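Me: Please take a close look at one part of this model, namely any empty space it may hold, and then tell me about the surroundings. I am in my first year, so please go slowly.

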Amino acid sequence: MREVLAQAAFQLFLERGFERTTVDDIVARAGVGRRSFFRYFPSKEDAVFPDHERCLAEMTEFLAAADGSDPVGAVSDAARIVLRMYAANPEFSVQRYRLTREVPGLRTYELSVVRRYEQTLAGHLRSRFGEDGDGALRAEVIAASVVAAHNNGLRLWLRSGGEGDPEAAVDHALALVREAWGRPAASAASTAPAGSEASSAPVVPGVPFAVSGGGDGDGEVVVMVARKGTPMWRVVQQIEAAVGEN
């Protein structure tokens with residue numbers, strides 16, 4: 001029933017537009033009642049992303065089984081679970097990407113979905129690096145880097161219309177993250193920029209805030225790290241300022 005409702009909803013979104021489609025329209029197309037819709041989806045927006053709950057559960061299970069010997073490798077492999085979900089249905093994934101680009105509300109919703117993946121990855125890393133101080137900071141920044149690298153490769157594939165091998169670009173981007181972070185903290189610290197002050201705010205060495213290669217417009221990937229509790233509107237504002245409006 002969840003799949004039937006999602007298919008009915010997406011067909012209507014493509015035919016009529018997201019804003020002009022109501023829940024009543026969706027249940028009429030699916031041949032069920034309103035109660036059935038809300039049993040599976042809290043809102044119209046959730047019907048656009050019907051597969052992320054299952055994917056998030058699979059990622060959580062995968063990380064729980066990781067042996068802990070290579071935490072950066074584990075979260076990189078966990079991100080590939082999301083990629084495989086998109087690649088399993090290229091036509092739907094490309095159509096959803098285009099719809100999301102057209103509807104501002106869906107773009108904001110998508111950011112909240114991405115944030116849930118990032119929090120899951122960061123939680124696994126904190127369990128390895130520690131919950132406080134630089135361990136927690138390291139976990140948050142690595143998780144943000146993994147998500148940015150994954151999304152960069154994924155969006156290249158989606159913008160191509162789902163042509164070619166989506167794993168190639170994602171593997172290349174994730175390799176950059178592993179190169180920067182897949183070593184002990186003490187070793188990474190030796191790469192801190194010359195002239196940085198020990199008494200200053202915590203320095204995160206080797207973080208690829210802007211990594212050249214594959215991206216929107218000027219070919220850059222932007223990794224944004226925000227303080228916990230930052231309002232979502234401020235995060236969206238800063239992201240749009242960094243990447244520019246299409």
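Reply: A description of a lining needs a way of sorting residues, and here Ala, Val, Leu, Ile, Met, Phe, Trp, Tyr, Cys and Pro count as nonpolar, Asp, Glu, Lys and Arg as charged, and the others, Gly among them, as polar. The second largest cavity can be read with that sorting in mind: its lining divides into three nonpolar residues, one polar residue and two charged residues. The residues in question are His52, Glu53, Leu56, Val113, Arg116 and Tyr117, and helices α5 and α8 each supply at least two of them. The space in this second largest cavity comes to about 40 Å³.

Before going further, please keep in mind that the model is predicted. Rolling a probe the size of a water molecule over the atoms shows where empty space is left. When the whole structure is searched, two cavities of 30 Å³ or more are found.

The largest cavity holds about 220 Å³ of space. Its lining consists of 18 residues, and those closest to the centre are Val82, Val114, Tyr117, His150 and Asn151. The elements that give two or more residues to this lining are α5 (52-65), α6 (71-87), α8 (104-129) and α9 (133-159), and the largest share, seven residues, comes from α9. Sorted by kind, the lining of the largest cavity divides into 13 nonpolar, three polar and two charged residues.

His150 deserves a pause, as one of the residues closest to the centre of the largest cavity. His150 sits in helix α9, and its relative accessibility is 4%, so it counts as buried, the limit being under 20%. Leaving aside residues up to four places away in sequence, His150 touches Ala79, Val82, Leu83, Val170 and Leu174. Val82, in that list of contacts, is also among the residues closest to the centre of the largest cavity. Along the chain, His150 and His172 are 22 residues apart, and their C-alpha atoms are separated by 9.4 Å.

Not every empty space is closed off, and a pocket is an open one. The second largest pocket has a volume of about 380 Å³. It is lined by 15 residues, and those nearest its centre are Glu3, Gln7, Pro50, Asn89 and Phe92. Two elements, α1 and α7 (90-102), give two or more residues to this lining, with α1 contributing the largest share, seven residues. By kind, the residues around this pocket divide into six nonpolar, five polar and four charged.

Helix α1 also leads to another part of the surroundings, since the buried residues of α2 pack against α1 (2-16), α3 (34-40) and α4 (44-48). In α2, which spans residues 23-30, the buried residues are Val23, Ile26 and Val27. Seen down the helix axis, these buried residues fall within an arc of 90°, so they line one face of α2. After α2 comes Gly31, whose phi is positive, near 75°.

Helix α3 spans residues 34-40, and aromatic rings come into view in that stretch of the chain. A pair of aromatic rings is described by the distance of the centres and the angle of the planes. Counting rings as paired when their centres lie within 6.5 Å gives five aromatic pairs. In one of them, Phe37 and Phe38 have ring centres 5.3 Å apart and planes at 85°, so this pair is edge-to-face, a label used for angles over 60 degrees. Phe37 is buried at 0% relative accessibility, whereas Phe38 is partly exposed, with a relative accessible area of 39%. Ring pairs link these two and Phe41 into a cluster.

Finally, it helps to set these details in the whole protein. The secondary structure comes to twelve helices and two strands, and read along the sequence it follows the pattern α-α-α-α-α-α-α-α-α-α-α-β-β-α. Of the 246 residues, 41% are buried. Among contacts between residues at least 6 apart in sequence, 63% join residues at least 24 apart.

Methods: Residues numbered from 1 in each chain as written. Predicted model: local features only at pLDDT ≥ 70, side-chain atom pairs only at ≥ 80, totals over all residues. Heavy atoms only, no water. Buried < 20%, exposed > 50% of the residue type's maximum accessible area, 1.4 Å probe, protein only. Helix = DSSP H or I, 4+ residues; strand = E, 2+ residues; numbered from the N terminus. Arc of directions from axis to C-beta. Contact = heavy atoms within 4.5 Å. 1 Å grid on protein atoms, 1.4 Å probe; cavity = no way out; pocket = protein on both sides within 12 Å on 5 of 7 lines; lining within 4 Å. Points joined across faces, edges and corners; volume = space filled by probe spheres on them. Phe/Tyr/Trp six-rings, centres within 6.5 Å; stacked < 30°, edge-to-face > 60°.
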